Number of protein chains: 2
Amino acid sequence: MNDSQPTESDLKKALNHLLEWCAEQRSDNALTSVNVLPDTGLGQAEAGRLTANLSLKRAQSFQSPGWFAHMDPPTPWVTWTTQAFTAAMNQNLLHPDTGEIGRRMEAKVVAALAPHFGMDGGHMVPGSTLANLTALWAAREIAGAKEVVASELAHLSVAKAAHILGLPYRTVPCDRAGHIETDQLGNLEGSCLVLTAGATSTGSVDPMSPMPKAAWVHVDAAWAGPLRLSPTHRTKLAGLETAQSVAVSAHKWLWQPKDSALILFRESKTAHQALSFGGAYLAAPNIGVMGSSAARAIPLAATLMAFGRDGIAERLDACVALAERFAAHIQADPEFELWAPPETGVVAWRPVKGEVSALRERLAAQGYFVSQTKLDGEDWLRSVAIHPAIKVDAIYEAARNQ
Amino acid sequence: MNDSQPTESDLKKALNHLLEWCAEQRSDNALTSVNVLPDTGLGQAEAGRLTANLSLKRAQSFQSPGWFAHMDPPTPWVTWTTQAFTAAMNQNLLHPDTGEIGRRMEAKVVAALAPHFGMDGGHMVPGSTLANLTALWAAREIAGAKEVVASELAHLSVAKAAHILGLPYRTVPCDRAGHIETDQLGNLEGSCLVLTAGATSTGSVDPMSPMPKAAWVHVDAAWAGPLRLSPTHRTKLAGLETAQSVAVSAHKWLWQPKDSALILFRESKTAHQALSFGGAYLAAPNIGVMGSSAARAIPLAATLMAFGRDGIAERLDACVALAERFAAHIQADPEFELWAPPETGVVAWRPVKGEVSALRERLAAQGYFVSQTKLDGEDWLRSVAIHPAIKVDAIYEAARNQ
């Protein structure tokens, strides 16, 4: 049992794996045969080297500008090092004794971001699936919501949260562009209405101004939420500030590593009180779904400081522009079909002839990655602008020349 | 907007903060005044330096052998570097396209650990609060559980999960040593019984052999679960293998950074089917509470490979022995009172005279950290053996000489 501290050389060697990975990715087919729980340990340096070979050097890289596929971002390198800090400090936000710095950093990050959404506070959670669950839980406790209503394009986490909470779930149809049909909402007196700002398959934003009257309105802005930080695009989410709660994924358009998201409330004190549990060893109430919880605000704070609000907006604007440029190529070309003009950087498109999946595979063979979805029961390609330097012209050319 | 890759020098400088932190901790009182969302960005290197000053150099260190307080472990340094890998790869386990390596690594880790608990599979979650919620959700879906029953010492997450799921929650008294009174369980025909293996305040393990008959039995082994890997102590959790589900925190006695835990099922295929949601862009069903999810198996796999099963057992045995040694000091000294002999490394103790909180503060001033809890409505000190080299003799001497 040798738990000595790492030396400079240990850490440098470990980080060289990251640098090699940045320069080129190598493949090693050893994952199948490795024993992750050997009887006798290999030591930390060797385990780190092996893990680099087994995972780092084999993983699909979202750092590539050929990635125009899922909602998984290239992470700024400051998140790699601050995530290492987070692992070393191992702050636990559950208790002030064990997470003072992490709690204060999270409070600062929430205070800096919440006003952009018209909210007065909230907390961080490991993903917008939990943010949506937290919001619906608050709606049930505070507003006595007896059902959850959302569009047919709402994220599956909304139906999941309703199910966990024991609330009936009702869906409302969308128009062709993916917007909830507001004249079909029905009676929302006892309902929690969930509107989507940035649907997973289409990026469409439900109309939010004027906000429909319901017992509680939650906006799932997991994808498009950060556009509120862009002077150019913030009006796309006009009305969101009149909701009772908003979910935003930081591990999408704020370029964080998983698991990083925010649940924001217009009246966070009331919400946090309704979602509090106490305990014998806790000096402060445990708020929300999570118990022990990592200091996920630390890499986010580092990123916000590194980029600044201007830098965040610049990257968001670049992503939106690249998606629009790609959509323009598709729309002008009779060989392709565009589902609808992209609203928030998500493009649904496909070839007029031939298999959607075959084109996707041929693009992947050239290092260009797009994803696939179903719209109205049919296969479509789906391209998500999350890398601020996507090679959209090259991807279009590659798709054309198949 | 400059998102270039880090240089060797960038990463080395960032990691030097970690090395400085290992050598000594420095304080910097700038957290109050810092602006985490400046208009103009500072760049990644400067933001990383600032974050090190604001957080790393100010955080309470669980790496100290004077830490005998909460269930927050010193993390092996291989988790710092592999957590950096995880942030860089940013695998998303939600989708095979975006998380192939992370999914395979998690499957390997679960397959290696589950048999030690008599379970046939499961998945990773960000903490045992979510593991307990997942288990109770499965109990409701599969066994039709209509209430949740647990001891008065059960973790607050059990009551929270029952509340979220809309299930009534019933508590059962414990004996003085902290074991659920099995003759007071009542009718469990429609119940999910939650037994605790390692209560938060006392470390006590509910009797599990023979396992009471209930619609579903879940064991919250968040704390004591890893003892199943120790040939010396595994019998302390005898009977656990007959439960339907088991929760284990890896960020407790497997020395992982937050958020890392496992929910294991005796029939995982059935459980995963009951907890599955599909979606238009998902190639595989989304299992469990989380949606997008980090590759938390990667640092855990690195740790298991580094320590090996023998190394894990050696560290667990050392922790248990240190707690017993400390309890022996307390029991032999008429100035102190011991709640009960420690079962799984958690010691509840206090001075016979004087304030519990005053002693805690005086110890903290000397670099010795213990936590505080309430038992039978009274204040007790609580010491958790999670560091394999706790200075128990020095802590006892310091407590004596107050």
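This passage describes one helix and two loop residues of chain A in a predicted model.

Helix H5 of chain A spans residues 128-142. Its 15 residues reach 20 Å from the first C-alpha to the last. That is close to the 21 Å expected at 1.5 Å a residue. H5(A) is mostly covered, with 13 of its 15 residues buried. A:Gly144 follows H5(A) and has a positive phi, near 60°.

A:Gln256 sits in the loop between strand E6 (245-249) and strand E7 (261-265) of chain A. Its relative accessible area is 1%. A:Gln256 is therefore buried, the cut-off being under 20%. Its side chain makes a polar contact of 2.8 Å with the side chain of A:Thr303. A polar atom of the A:Gln256 side chain also lies 3.0 Å from the backbone nitrogen of A:Leu300. Beyond residues up to four places away in sequence, A:Gln256 touches A:Pro73, A:Thr75, A:Thr79, A:Ala250, A:His251, A:Pro299, A:Leu300 and A:Thr303. From chain B, A:Gln256 touches B:Asn90.

A:Ala283 also occupies a loop, between strand E8 (276-277) and strand E9 (286-287) of chain A. Its relative accessibility is 61%, so A:Ala283 counts as exposed; the cut-off is over 50%. Leaving aside neighbours within four places in sequence, A:Ala283 contacts A:His95 and A:Pro96. A:Gly311 is 28 residues from A:Ala283 in sequence. In space, the two are 39 Å apart, C-alpha to C-alpha.

Technical notes
Residues are numbered from 1 along each chain as its sequence is written. Chains are lettered from A and ligands numbered from 1 in the order in which they are written. This is a predicted model: local features need pLDDT of at least 70, side-chain atom pairs count only at pLDDT 80 or more; totals for chains, interfaces and linings use all residues. Side-chain values use heavy atoms; hydrogens and water are left out. Helices (H or I, at least four residues) and strands (E, at least two) are DSSP runs, numbered from the N terminus. The expected span of a helix is 1.5 Å times one less than its number of residues. Buried means under 20% relative accessible area, exposed over 50%, partly exposed in between (1.4 Å probe, protein chains only). A polar contact is a pair of N or O atoms within 3.5 Å; within protein, one must be able to donate a hydrogen and the other to accept it, and residues adjacent in sequence count only if both atoms are side-chain atoms. Contact means heavy atoms within 4.5 Å.
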